[in-house]
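This report introduces a single protein chain to a reader who has not met it before. It moves from burial and overall form to the surface patches, the backbone and the salt bridges.

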Amino acid sequence: MKISIIIPVFNVKEYLKDCVDSALKVHAEKEILLIDDGSTDGSGELCDALCEAHEEVVAVHQKNGGLSAARNTGIRRSTGDFLMFLDADDFIDPAETDAMVHGLLPETQVAMGLYKNYYAAQEKSEPESCEAFLQISGMVPMEQFLQAIPADGQSCYMIACRFWLRREFLLEHALFFLPGIYHEDEEWTHRLLCAAQSIQVFHQYFYYYRQAREGAITSSVTSKHLKDGFQIIERTERLMSLSEDPARTRYLRQRVANIYMNSMIHVYCLPAQEREGILRQLKEYQKLCIPYLPGKVGKAAGLCVRLVGLHLTCRFLHKAWRLKKREGKE
């Protein structure tokens, strides 16, 4: 069993060697694909040096196209039976990864494992907070999997790096990443969950997800973040229109509502001239998403929209978010 470890690289020289070293310690047969996405900080040269030093490492250079484009290049260049994605500022646990490789079943098309949040400043790591993943294990029908895990966006994060895919399955269903958007993991996992009939669930904490890195793409909100969220809502709506599986439809509708809720909270982060366009799009998707807003806050927001309207509700949500954020820093 050979695994392809796909590592997009863009200006992460400080972290890249530790990331690759963790992958090199995996005993299973492997290839490590470093996709240099137009780095300007010396990361590309480091990719070449690591390639020269280790026969399992392959360095590929391309013009900057973003995370999705780099992952797609890795998919096309891969030769492994299974593919996994590793961000260059993160790292993996070799022993836990090997345990997953050895546990893969012949019929497995998609597998998933667990991750720990890693805080470099404190030199500590913490297991992810989703208890639902610990209640299911082994080969699970997708319907059962989606019924077991919450879709509230507050736990059980569906990051692409937790999933392993058999290469033949990925290519058959064209599970490439949509280039040029933020939240590419959201869009990709929605298609993955619709394509797979079952999933093998492992309880190995094989992935270490670096938190609070300065310069990470998730550290700020722009109008493009929110517009890309609406694009994902639209694409997921098309997926749901083709699905006859109630479990998938229910899960995806809740996921879409969570993206909508995120836009409601953050629209007032934007300058006034950018805000109006986002508010118009929120109005466009209001009937589709408001009834499925997650949790108690979502239900309260839905009631607030009916009483005082969408704009005022967005203001209230934004102020509450800022207050909570400020309290968290004190």
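A residue is called buried when its relative accessible area is under 20%, exposed when that area is over 50%, and partly exposed in between. The model shown here is predicted, and the terms just given are used throughout the account that follows. By this standard D81, at 36% relative accessibility, counts as partly exposed.

**Overall form**

The chain holds 13 helices and 10 strands. Its radius of gyration is 20 Å, close to the 20 Å that the globule rule gives for 330 residues, so the chain is as compact as a globular protein of that length. Taken along the principal axes, the C-alpha atoms fill a box of roughly 65 × 45 × 35 Å, and buried residues account for 53% of the 330 residues.

**Surface patches**

The residue D81 belongs to a patch of negative charge on the surface, where it gathers with E29, E168 and E172. In the chain, D81 sits in the loop between α3 (67–77) and β4 (82–85).

A second patch is nonpolar: L303, L307, V308, L312 and F316 make a surface of about 470 Å². Both α12 (295–308) and α13 (310–329) supply at least two residues to the nonpolar patch, although α12 gives the most, with 3 residues. One of the patch residues, V308, is found in helix α12 and counts as partly exposed because its relative accessibility is 38%.

**Two loop residues with positive phi**

Two residues that are not glycine deserve a look for their backbone angles. E123 has a positive phi of about 50° and lies in the loop between β6 (110–119) and β7 (124–127), where its relative accessible area of 69% makes it exposed. H183 has a positive phi of about 60° and is found in the loop between α6 (167–172) and α7 (184–195); with a relative accessible area of 29%, H183 is partly exposed.

**Salt bridges**

Side chains of opposite charge can pair when their charged atoms come close. A search of the whole structure finds 14 salt bridges, and the table gives some of them with their N to O distances.

| Salt bridge | N to O distance |
|---|---|
| D185 and R71 | 2.7 Å |
| D228 and K224 | 3.0 Å |
| R253 and E237 | 3.0 Å |

The side chains of D185 and R71 meet in a salt bridge, and this pair links distant parts of the chain, with D185 in helix α7 and R71 in helix α3, 114 residues apart. D185 is buried, with a relative accessible area of 14%, and R71 is buried as well, with a relative accessible area of 1%.

D228 and K224 are 4 residues apart in helix α8 (residues 223–242), so they are separated by about one helical turn. Within this pair D228 is buried, at a relative accessible area of 5%, whereas K224 is partly exposed, at 35%.

R253 forms a salt bridge with E237; because R253 lies in helix α9 (residues 246–266) and E237 in helix α8, the pair ties together parts that are 16 residues apart in sequence. Both partners are on the buried side of the cut-off, R253 with a relative accessible area of 16% and E237 at 15% relative accessibility. Finally, salt bridges that share partners join R71, D87 and D185 into one network.

Conventions: Residues are numbered from 1 along each chain as its sequence is written. This is a predicted model: local features need pLDDT of at least 70, side-chain atom pairs count only at pLDDT 80 or more; totals for chains, interfaces and linings use all residues. Side-chain values use heavy atoms; hydrogens and water are left out. Patches are made of residues with over 30% relative accessible area and no salt bridge: like charges are joined within 9 Å, nonpolar side chains (Val, Leu, Ile, Met, Phe, Trp, Tyr) within 5 Å. Accessible areas come from the Shrake-Rupley method with a 1.4 Å probe; for residues, only the protein chains shown count as cover. A salt bridge is a side-chain nitrogen of Lys or Arg within 4 Å of a carboxyl oxygen of Asp or Glu. Lys and Arg count as positive and Asp and Glu as negative; His and the chain ends are not counted. The place of a charge is taken as NZ of Lys, CZ of Arg, CG of Asp or CD of Glu. Buried means under 20% relative accessible area, exposed over 50%, partly exposed in between (1.4 Å probe, protein chains only). The radius of gyration is taken over C-alpha atoms; the globule rule is 2.2 Å times the number of residues to the power 0.38.
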